[in-house]
Amino acid sequence: MIRAAAVVAGLVASVAIAEACEPPSGFTPRGRLESAGVVVLFRTLPPVIALGRHFSVEAVVCGDGTPPALTRVDARMPEHRHGMNYRPTLASKGGGRYVADGLMFHMPGRWELSFDVEGGGRRTRLATDVVID
Ligand SMILES: [Cu+2]
């Protein structure tokens, strides 16, 4: 019974974080990533990423207790074992909102877009796939 109660409490906490992580007005997320009590909402500018064109990523980060910090936005092609040819810059805009500029997908195929979040003495990497034609 104690074990079951602990599981239920964990689920409730997770739902609370998810509900608390609302995008600011005017921010329509393209994606939502969640892991280990951290939520990242993100969108890209422009919304459709073009091959060989710079783009930006806007993100909102939420988490338990002290808000976690977004420390890195990066991308790689797992099948090709390489990253991007450019290193994006990352700026905090306050309120858990961040902007990464200068990303570029220089090859068609599957890219893994990743967000490194640090808080409470641990780092969490959340990632999503983006396929470029
Ligand atoms: Cu490649």
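Select Cys21 and Cys62 to begin the tour: their sulfur atoms lie 2.1 Å apart and form a disulfide, a term that here covers a pair of cysteine sulfur atoms within 2.5 Å. By this rule the chain holds one disulfide. The torsion about the S-S bond of Cys21 and Cys62 is about 75°, so the disulfide is right-handed. Cys21 sits in the loop between helix H1 (2-20) and strand E1 (31-35), while Cys62 belongs to strand E3 (residues 54-63), so the bond ties together parts that are 41 residues apart in sequence. Colouring by accessibility shows Cys21 as buried at 1% relative accessible area and Cys62 as buried at 16%, where buried means under 20% relative accessible area, exposed means over 50%, and partly exposed lies in between (1.4 Å probe, protein chains only).

Before moving on, note that this is a predicted model, in which local features need pLDDT of at least 70 and side-chain atom pairs count only at pLDDT 80 or more, whereas totals for chains, interfaces and linings use all residues. Residues are numbered from 1 along each chain as its sequence is written, and side-chain values use heavy atoms, with hydrogens and water left out.

Switch now to a cartoon of the whole chain, which has one helix and nine strands; helices (H or I, at least four residues) and strands (E, at least two) are DSSP runs numbered from the N terminus. Followed from the N terminus, the order of elements is α-β-β-β-β-β-β-β-β-β. Of the 133 residues in the chain, 35% are buried. Among contacts with a separation of 6 or more, 51% are between residues 24 or more positions apart, a contact being heavy atoms within 4.5 Å.

Next, select the copper ion together with Met77 (SD), His80 (ND1), His82 (NE2) and Met107 (SD), the protein donors, which lie 2.0 to 2.5 Å from the metal. Donors are N, O and S atoms within 2.8 Å of the metal (3.2 Å for Na, K and Ca), and since water is not among the atoms, sites may look incomplete. The angles among the four donor atoms of the copper ion run from 92 to 127°, and the site is tetrahedral, the label given to four donors if all angles lie between 85 and 135 degrees. Along the chain, the donors of the copper ion follow the spacing M-x2-H-x1-H-x24-M. Met77 and Met107 link distant parts of the chain, with Met77 in strand E4 (residues 69-77) and Met107 in the loop between strand E7 (97-104) and strand E8 (109-119), 30 residues apart. Met77 is buried, at 2% relative accessible area, whereas Met107 is partly exposed, at 28%.

From the copper site, add Glu79 and Arg110, whose side chains meet in a salt bridge at 2.9 Å, N to O; a salt bridge is a side-chain nitrogen of Lys or Arg within 4 Å of a carboxyl oxygen of Asp or Glu. This pair also links distant parts of the chain, since Arg110 is in strand E8 and Glu79 in the loop between E4 and strand E5 (82-83), 31 residues apart. Glu79 is exposed, at 52% relative accessible area, and Arg110 is partly exposed, at 28%.

The count of salt bridges comes to nine, and several others merit a selection. Arg123 and Asp116 form one with an N to O distance of 3.8 Å; within it, Arg123 is exposed at 54%, while Asp116 is buried at 1%. Arg43, Glu58 and Arg97 can be shown together, as they are linked in a network of salt bridges.

Stay beside Asp116 and select Thr124, a residue of strand E9 that is buried, with 10% relative accessibility. Leaving out residues up to four places away in sequence, Thr124 touches Ser35, Val38, Phe115, Asp116 and Val117.

Phe115 leads into the interior. It is one of the residues, with Val40, Val57, Phe105 and Leu113, that touch the most other members of the largest nonpolar core, which has 25 residues. A nonpolar core is a set of buried Ala, Val, Leu, Ile, Met, Phe, Trp, Tyr and Cys residues joined through side-chain atoms within 4.5 Å. Two or more residues of this core come from each of strand E2 (38-45), E3, E4, E7, E8 and strand E9 (122-132). Apart from this core lies another, of six residues, among them Val39, Leu41, Val60 and Cys62, and with Cys62 the tour returns to the disulfide with Cys21.

Conventions. Tetrahedral: all angles 85-135°; square planar, octahedral: opposite > 155°, others 65-115°.
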